Amino acid sequence: MAARDEHPADQPSCPSAKGGGLLPGELRAWMLLLAATGAVEQRLRSVVKKSLDVSHDEFLILCLLAEQPRGGLRMTRIAELLGRPKTRLTYQIACLQRTGLVTRESVCGDKRGIEVALTDKARRLLREASDTLAQTVREALSRFVGPEQREALCALVPDLADEPQQAQEAQEAQEA
């Protein structure tokens with residue numbers, strides 16, 4: 001694995017905005033997005049395990065909950081957002097609960113509804129690890145996304161095309 005990381009030019013090229021294939025730009029961009037996500041997830045797995053001592057799938061649950069106000073999310077909603085079967089999610093939530101990272105409570109007025117929320121311990125761990133995790137994402141993307149791939153992503157998310165221009169204008173304004 002390390003050898004492939006050291007020589008990214010030896011790896012098969014990833015999709016770009018350049019034509020020539022059978023797929024329209026939106027599908028090429030979607031394939032790029034999936035490939036970029038895979039590259040980031042691959043790098044994050046070990047960092048997440050080392051920093052938070054949870055699996056990657058458990059980390060995704062923590063990230064969803066971290067974006068919520070002090071309340072939580074229903075387990076059915078977490079399953080929908082992550083595309084996970086409820087039985088698998090139940091196991092992952094139980095693991096997180098045993099380690100003191102989430103709480104589970106019945107939803108008032110709904111016997112079957114369960115809401116999951118982060119504990120203060122989880123919030124503290126996420127804050128402590130966030131710089132390392134963000135750096136890992138940046139490094140993985142910088143190794144993967146070149147000018148052609150950025151163009152493909154811009155085809156899928158047109159607002160990305162404006163970002164470099166806006167950054168340039170902001171820098172020029174600061175220098176003036």
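**Exercise 1. The sheet**

What is the order of the 3 strands in the open sheet, and is the pairing parallel or antiparallel?

*Solution.* Keep in mind that you're working with a predicted model.

Step 1: Read across the open sheet. The order is β1-β3-β2, and the pairing is antiparallel.

Step 2: Find the edges. β1 (73–74) and β2 (102–107) are the edge strands, as each pairs on one side only.

Step 3: Recall what holds such strands together. Strands of a sheet pair through backbone hydrogen bonds, in a parallel or an antiparallel fashion.

**Exercise 2. Bridges to β3**

Work out how β1 and β2 each link up with β3, and pick out the partners.

*Solution.*

Step 1: Take β1. It runs antiparallel to β3 and is joined to it by 2 bridges. Leu73 has Val116 as its bridge partner in β3, while Arg74 has Glu115.

Step 2: Move to β2. This strand pairs with β3 over 6 bridges, again in the antiparallel sense. Here Glu105 has Glu115 as its bridge partner in β3.

Step 3: Put the partners side by side. Glu115 turns up as bridge partner of Arg74 and of Glu105.

Step 4: Look at the link between β2 and β3. They form a hairpin with 2 residues between them, and Gly109 in the turn has a positive phi of about 85°.

**Exercise 3. Helices on the sheet**

Which strands does helix α3 lie across, and at what angle does it run to β3? Then do a similar job for α5.

*Solution.*

Step 1: α3 (residues 56–66) lies across β1, β2 and β3, and its angle to β3 is about 90°.

Step 2: α5 (residues 86–98) also packs on the sheet, where it touches β2 and β3. Its direction makes about 125° with that of β2.

**Exercise 4. Thr119 and the helix after it**

Is Thr119 buried or exposed? Place it in the chain, then follow α6.

*Solution.*

Step 1: Thr119 sits in the loop between β3 (110–118) and α6 (120–144).

Step 2: Thr119 has 16% relative accessibility, so it counts as buried; the cut-off is under 20%.

Step 3: Beyond its neighbours within four places in sequence, Thr119 is in contact with Gly100, Leu101, Val102 and Thr103.

Step 4: Now α6. Its 25 residues reach 35 Å from first C-alpha to last, close to the expected 36 Å. Even so, there's a kink of about 50° centred on Ser130.

Step 5: Check burial along α6. The buried residues include Ala122, Leu126, Ala129, Leu133 and Phe144.

Note on methods
Residues are numbered from 1 along each chain as its sequence is written. This is a predicted model: local features need pLDDT of at least 70, side-chain atom pairs count only at pLDDT 80 or more; totals for chains, interfaces and linings use all residues. Side-chain values use heavy atoms; hydrogens and water are left out. Helices (H or I, at least four residues) and strands (E, at least two) are DSSP runs, numbered from the N terminus. Buried means under 20% relative accessible area, exposed over 50%, partly exposed in between (1.4 Å probe, protein chains only). Contact means heavy atoms within 4.5 Å. Two strands pair if DSSP finds at least two bridges between them. Axes are lines fitted to C-alpha atoms, for helices over the stretch in contact, and angles run from 0 to 180 degrees between N-to-C directions. The expected span of a helix is 1.5 Å times one less than its number of residues. The bend at a residue is the angle between axes fitted to the seven residues ending there and the seven starting there.
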